[in-house]
Amino acid sequence: MAAPRGNDAHTIRPERRHTRRSVLAGLAAFGALGAAGCTRVASASGKDGGDLLERLRAQGVVRLGIAGEVPFGYIDRDGRLTGEAPELARAIFGRLGVERVQPVPTEFGSLIPGLNAQQFDVVAAGMYVTPDRCEQVIFADPDYQMPDAFIVPKGNPLGLRTYADALRRHAKIATGTGYAQIQHAVEAGFKENDLVIVPDQVAGLNAVESGRVDLFAATAVTARMVARRSAKAESTKPFVALVDGRPKADGGAFAFRPTETRLRDAFNTELHKLRRSGELYRIVRPFGFTKAEMTTLTAKELCRR
């Protein structure tokens, strides 16, 4: 992820606009686990959809590329891999006959290069499915969809519920480095140079609590989790941003190397079973997800957007 530049807004490359969320937790544990990122996984043949699933079953372990991002995939204070995506990976790969998951921490922007360089087997970081990324990897169907929300002062004195509200009230907006919300705010009429770009969610909360900005724009689950213990701020209700004049809810999914269609398809089969049974929601609920974030979107339709 690009190094932050304090409170100044800066130009975000198109790919960066979709990388939302910055590293909050588990960084101290990365040193102990970092050696895993230097080990290349066994190369799988692309013939007939690849044979990586069989290799993983034989090894008994799958290596997950994570970005240390709460609540999507991170190392907790006890040194344990957890988060929405790793816990879902445990459930699905267990059903596929792979007993263990092993984290390979890396920066968010290095996940796709690391996957294709065979540094790990799958990206398990809640990665948004975008057309650009679909040209580099193949995605399972999304396990969640994500609207936006704001962190605002308690009582929401300016009545800010959408970007249109914020624009009309001339609100000062903060958001995070590389967040999709930069694009969403610009689409609503804000100038990118007027946005306050902060390193992460905690810095965004602090900016709202101190009165330096009127709101911090983030994903709905991030806003809920960050604001829930604050005595000075609260999160707004989720809403879907408009991009190119159309509602746009992003979907996050697991990513695989393009040759490994058999593994992706087997993963999808188990994902759909968990969704139908309600087990998927039970797994992700402890990480701040609600039923509003559950989805029937497919990777195919998101890749076409």
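## A tour from Gly189 outward

Select Gly189 to begin: this residue follows helix H7 and has a positive phi, near 120°. Then extend the selection backwards over H7 itself, residues 180-188, where Ala180, Gln181, Ile182, Gln183, His184 and Ala185 are the buried residues.

Before going further, bear in mind that this is a predicted model, in which the protein chain averages a pLDDT of 86 and 85% of the residues score at least 70. Colour by confidence and select residues 1-45, over which pLDDT stays under 50, although the model has 138 contacts beyond four places in sequence for this stretch; what is drawn there should be read with that score in view.

Now show the whole chain as a cartoon, in which 12 helices and 15 strands can be picked out. Of its 305 residues, 56% count as buried, and the accessible surface comes to about 13100 Å², with 49% of that belonging to carbon and sulfur atoms. Among contacts with a separation of 6 or more, 75% are between residues 24 or more positions apart.

Next, select strands S8 to S12, which form an open sheet of 5 strands with mixed pairing, in the order S10-S9-S11-S8-S12. Strand S10 (196-198) and strand S12 (233-235) stand at the edges, and because each has a single partner strand, one side of each is left without a neighbour in the sheet. Looking across the sheet, one finds neighbouring strands turned by 30° against each other on average, direction ignored.

Within the sheet, zoom in on strand S9 (residues 173-176) and strand S11 (residues 215-219), which run parallel and are joined by 3 bridges. Selecting Ala174 together with Phe216 shows one such pairing, Phe216 being the bridge partner of Ala174 in S11.

From here, turn to the side chains and display Leu64, Phe93, Ile151 and Phe254, which touch the most other members of the largest nonpolar core, a set of 60 residues. Helix H9 (residues 220-227) gives the most to this core, contributing 6 residues.

Keep Phe254 selected and expand to its surroundings: leaving aside neighbours within four places in sequence, Phe254 is in contact with Ala85, Leu88, Ala89, Val122, Val123, Ala124, Ile138, Phe139, Ala140, Asp143 and Phe267. One of these contacts, Val123, leads to the last stop, since Val123 is also listed with Met127, Val129 and Val137 among the members of a second, separate core of 18 residues.

Methods
Residues are numbered from 1 along each chain as its sequence is written. This is a predicted model: local features need pLDDT of at least 70, side-chain atom pairs count only at pLDDT 80 or more; totals for chains, interfaces and linings use all residues. Side-chain values use heavy atoms; hydrogens and water are left out. pLDDT is the predictor's confidence in each residue, from 0 to 100. Contact means heavy atoms within 4.5 Å. A nonpolar core is a set of buried Ala, Val, Leu, Ile, Met, Phe, Trp, Tyr and Cys residues joined through side-chain atoms within 4.5 Å. Buried means under 20% relative accessible area, exposed over 50%, partly exposed in between (1.4 Å probe, protein chains only). Helices (H or I, at least four residues) and strands (E, at least two) are DSSP runs, numbered from the N terminus. Two strands pair if DSSP finds at least two bridges between them. Axes are lines fitted to C-alpha atoms, for helices over the stretch in contact, and angles run from 0 to 180 degrees between N-to-C directions. Accessible areas come from the Shrake-Rupley method with a 1.4 Å probe; for residues, only the protein chains shown count as cover.
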